[in-house]
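Got the viewer open and a hand on the mouse? Let's walk through this one stop by stop, selecting as we go.

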Amino acid sequence: MNHKILIVEDDLDIQRLLENFLREVGYETAIAGDGMEAISLFSSAHFDLILLDVMLPKIDGFTVCELIRRQSQVPVIMLTALSGEEEQIKGLDLQVDDYITKPFSVAILIRKIAAVLRRSTMIPDQKHQTIAYQNLILDLDSYSASVNGESHELTQREFEVLRELLFNQGRVLTRQNLLERLWKYDFYGDERVVDTHIKNLRKKLGIDCIQTIRGVGYKIDKESEK
């Protein structure tokens, strides 16, 4: 089945451009010309990715993204004329998967869409919403964790760090790996923010399945290796 992409853009010329190119390479498309229409379409149909402008009539793109993120982790690529650092950080803080400024190369955009869709399909089938590891269960729907049946409240970022390590059992993930995957942008602060999240996870869960690889990063062994 072809991937279906929702194009949220009020400029008619850009709408046609994106629709034509996306259909040419095999994607199905739907178009929303304002923020309210985008929310309505998203609520009534399944989409594999959303191309989202920021400067939209009725509801701006940042608000649209925030509303979508309350109910879904569908990939979102912001495509906008707002190139300032503050706007880009705001979008990335809303967990968009990429932020592309206009004018843009259609060829590069198509490749970025393909890359984001590849990453999103690496997440386990949505019919299987839990990951079990020893006495730890991670619920992908509710962003919750339990150990021996006892629930533990995690922040969103703590949950995502743990999820990423579990998805990559047996592999060492560097701090920069985790920052790039979860923060979705080049992180200019202190990489030790990852250490803080790992420390909090160990304390909250009361178990220590996360190994520190000194000078490199962190990993969780495959269960078969235990």
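Before the first click, one term: two strands pair if DSSP finds at least two bridges between them. With that in hand, select Tyr 133, which stands opposite Leu 136 in S7. Keep in mind throughout that this is a predicted model.

**Stop 1: the hairpin**

Stay where you are and widen the selection to S6 and strand S7 (residues 136-139). These two pair in the antiparallel sense, over four bridges. Another facing pair to pick out is Ala 132, opposite Ile 137 in S7. Two residues sit between S6 and S7, and the two strands form a hairpin. Click on Gln 134 in that turn: its phi is positive, at about 55°.

Now show the side chains of S6. Which of them are buried? Ile 131 and Tyr 133 are, and they point to one face. Thr 130 and Ala 132 point to the other face and are not buried. That fits a general pattern: side chains in a regular strand alternate between the two faces of the sheet.

**Stop 2: the whole four-stranded sheet**

Zoom out a little. The hairpin belongs to an open sheet of four strands, in the order S6-S7-S8-S9, with antiparallel pairing. At its edges you'll find strand S6 (130-133) and strand S9 (150-152), each pairing on one side only. Look along the sheet and you can follow its turn: on average, neighbouring strands are rotated by 20° against each other, direction ignored.

Next, add H6 to the selection. This helix lies across S6, S7 and strand S8 (144-147), and it runs at about 115° to S7.

**Stop 3: two helices that cross**

Keep helix H6 (residues 156-167) and add helix H8 (residues 192-205). How do you describe two packed helices? By the angle between their axes and the distance between the axes. Here the axes come within 10 Å and cross at roughly 90°. Angles of 65 to 115 degrees count as roughly perpendicular, so H6 and H8 are roughly perpendicular to each other.

Show side chains where they touch. On the H6 side, select Arg 157, Glu 158, Val 161, Leu 162 and Leu 165. On the H8 side, select His 197, Ile 198, Asn 200, Leu 201, Lys 204 and Leu 205. Colour the residues of this contact by type and you get six nonpolar, two polar and three charged.

**Stop 4: Val 194 and the three-stranded sheet**

Stay in helix H8 and click on Val 194. Is Val 194 buried or exposed? Its relative accessible area is 1%, and buried means under 20%, so Val 194 is buried. Leaving aside neighbours within four places in sequence, the residues in contact with Val 194 are Arg 175, Leu 178, Leu 179 and Tyr 218.

From here, hop to Thr 174. C-alpha to C-alpha, Thr 174 and Val 194 are 9.5 Å apart, with their positions 20 residues apart in sequence. Thr 174 stands opposite Gly 217 in S12. S10 and strand S12 (residues 217-219) run antiparallel and are joined by two bridges.

Select the full sheet: three strands, open, in the order S10-S12-S11, with antiparallel pairing. Strand S10 (173-174) and strand S11 (211-213) each have a single partner strand, so one side of each has no neighbour in the sheet.

**Stop 5: Phe 104**

Jump to Phe 104, in the loop between strand S5 (98-101) and helix H5 (106-121). Phe 104 counts as buried, at 19% relative accessibility. Not counting residues up to four places away in sequence, Phe 104 touches Leu 17, Leu 18, Leu 79 and Leu 109. For a look back at the hairpin, draw a line from Phe 104 to Ala 132: their C-alpha atoms are separated by 42 Å, though 28 residues apart along the chain.

**Stop 6: a parallel finish**

Last, select strand S1 (residues 4-8), where four of the five residues are buried. S1 and strand S2 (residues 28-32) run parallel, joined by five bridges. Follow the chain from S1 through helix H1 (residues 12-24) to S2 and you trace a right-handed β-α-β crossover. Leu 6 has Ala 30 in S2 as its bridge partner.

S1 also pairs with strand S3 (residues 49-52), in the parallel sense over four bridges. To find that pairing, click on Ile 5, which stands opposite Leu 49 in S3.

Key: Residues are numbered from 1 along each chain as its sequence is written. This is a predicted model: local features need pLDDT of at least 70, side-chain atom pairs count only at pLDDT 80 or more; totals for chains, interfaces and linings use all residues. Side-chain values use heavy atoms; hydrogens and water are left out. Buried means under 20% relative accessible area, exposed over 50%, partly exposed in between (1.4 Å probe, protein chains only). A crossover is right-handed if, with the strands pointing away from the viewer, the path from the first strand over the helix to the second runs clockwise. Axes are lines fitted to C-alpha atoms, for helices over the stretch in contact, and angles run from 0 to 180 degrees between N-to-C directions. Angles under 35 degrees count as roughly parallel, over 145 as roughly antiparallel, 65 to 115 as roughly perpendicular and the rest as oblique. Contact means heavy atoms within 4.5 Å. Ala, Val, Leu, Ile, Met, Phe, Trp, Tyr, Cys and Pro count as nonpolar, Asp, Glu, Lys and Arg as charged, and the others, Gly among them, as polar.
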